[in-house]
Amino acid sequence: MKYLSILLAFFCLACGNDFLPKPKGFNRINLPDAAYQPLPDSLPYSFEYSKHAKLQRDSSWISERYWINLYYPAMNASIQITYKPVTDSIIREYLSDSYRLTSQHNVKAYAIEESIIELPNGSYASFTELEGEVPTQAQFHVSDSVNHFLRGALYFRTATKNDSLAPVISYLKNDIIHLLTTLEWGQ
């Protein structure tokens with residue numbers, strides 16, 4: 001009986017109504033320091049890309065010879081890069097396709113901001129930032145107008161909302177800018 005009353009007292013005292021909810025929090029995202037490496041020289045273009053990315057051949061059914069993906073496994077993101085040789089007036093078609101692919105995001109984007117970046121190689125790059133719940137948060141294209149046309153887009157393989165990915169998106173946009181500023185055309 002003595003033990004039963006002690007056990008009963010323990011249960012009565014242990015069940016208090018002092019409940020404290022946990023404060024709201026955010027996922028912690030640890031981003032690595034930026035570090036870069038050169039592309040292999042088997043492509044008609046070269047640039048420095050992140051050491052945290054894996055270089056992969058584009059394996060989609062529409063891929064062409066010099067199309068690549070820079071896959072960031074820790075961020076579950078990739079920068080898809082397509083390359084086309086320029087011949088005569090075909091550059092207009094490539095530019096038109098690039099703008100068409102960007103404008104397809106008008107449905108979900110609440111802001112699309114394009115900027116022109118003058119590159120050290122003398123080319124100009126169009127860099128477009130998209131905001132909202134869009135599948136791609138950054139797109140770019142660059143050409144020397146004579147021989148080369150390069151286009152890229154940033155994609156995430158996750159259902160996480162873009163506002164939660166904001167630090168990662170900013171980090172990868174900086175990688176894209178570095179890629180563009182180190183771009184050189186092959187022969």
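Let me begin with what a ring pair is, since the rest of this talk leans on it: rings of Phe, Tyr and Trp count as a pair if their centres lie within 6.5 Å, and such a pair is called stacked when the planes are under 30 degrees apart and edge-to-face when they are over 60. Please keep in mind throughout that what we are looking at is a predicted model.

With that in hand, the structure holds three aromatic pairs, and ring pairs link Tyr45, Phe47, Tyr66 and Tyr83 into a cluster. I will describe two of these pairs. The rings of Tyr45 and Phe47 have centres 5.9 Å apart and planes at 15°, so this pair is stacked. Are these residues buried or exposed? Tyr45 counts as buried because its relative accessibility is 1%, and Phe47 is buried too, with a relative accessible area of 3%.

The rings of Tyr66 and Tyr83 have their centres 5.8 Å apart, but here the planes stand at 80°, so the pair is edge-to-face. This pair links distant parts of the chain, since Tyr66 sits in the loop between β4 (54-57) and β5, while Tyr83 belongs to strand β6, 17 residues apart. Tyr83 counts as buried at 5% relative accessibility, whereas Tyr66, with a relative accessible area of 21%, is partly exposed, because buried means under 20%.

Now let us turn from the rings to the core. In soluble globular proteins, nonpolar side chains tend to be buried together. In this model the largest nonpolar core has 34 residues, and those with the most contacts inside it are Tyr45, Phe47, Leu70, Ile81, Leu172 and Leu180. Which elements give two or more residues to this core? They are the strands β5 (68-72), β6 (77-85), β8 (124-132), β9 (136-143) and β10 (148-156), together with the helix α3 (166-181), and α3 gives the most, with seven residues.

Phe47 lets us look at this core from a single position: leaving aside its neighbours within four places in sequence, Phe47 is in contact with Gln37, Pro38, Leu39, Ile68, Leu70, Ile81, Leu179, Thr182 and Leu183.

Finally, I would like to return to strand β6, where we also find Lys84. Lys84 is partly exposed, with a relative accessible area of 23%, and its side chain is joined to that of Glu64 by a polar contact of 2.7 Å. The C-alpha atoms of Lys84 and Ser143 are separated by 9.6 Å, although these two residues are 59 residues apart along the chain.

Methods
Residues are numbered from 1 along each chain as its sequence is written. This is a predicted model: local features need pLDDT of at least 70, side-chain atom pairs count only at pLDDT 80 or more; totals for chains, interfaces and linings use all residues. Side-chain values use heavy atoms; hydrogens and water are left out. A nonpolar core is a set of buried Ala, Val, Leu, Ile, Met, Phe, Trp, Tyr and Cys residues joined through side-chain atoms within 4.5 Å. Buried means under 20% relative accessible area, exposed over 50%, partly exposed in between (1.4 Å probe, protein chains only). Helices (H or I, at least four residues) and strands (E, at least two) are DSSP runs, numbered from the N terminus. Contact means heavy atoms within 4.5 Å. A polar contact is a pair of N or O atoms within 3.5 Å; within protein, one must be able to donate a hydrogen and the other to accept it, and residues adjacent in sequence count only if both atoms are side-chain atoms. Rings of Phe, Tyr and Trp (its six-membered ring) pair if their centres lie within 6.5 Å; planes under 30 degrees apart count as stacked, over 60 as edge-to-face and the rest as tilted.
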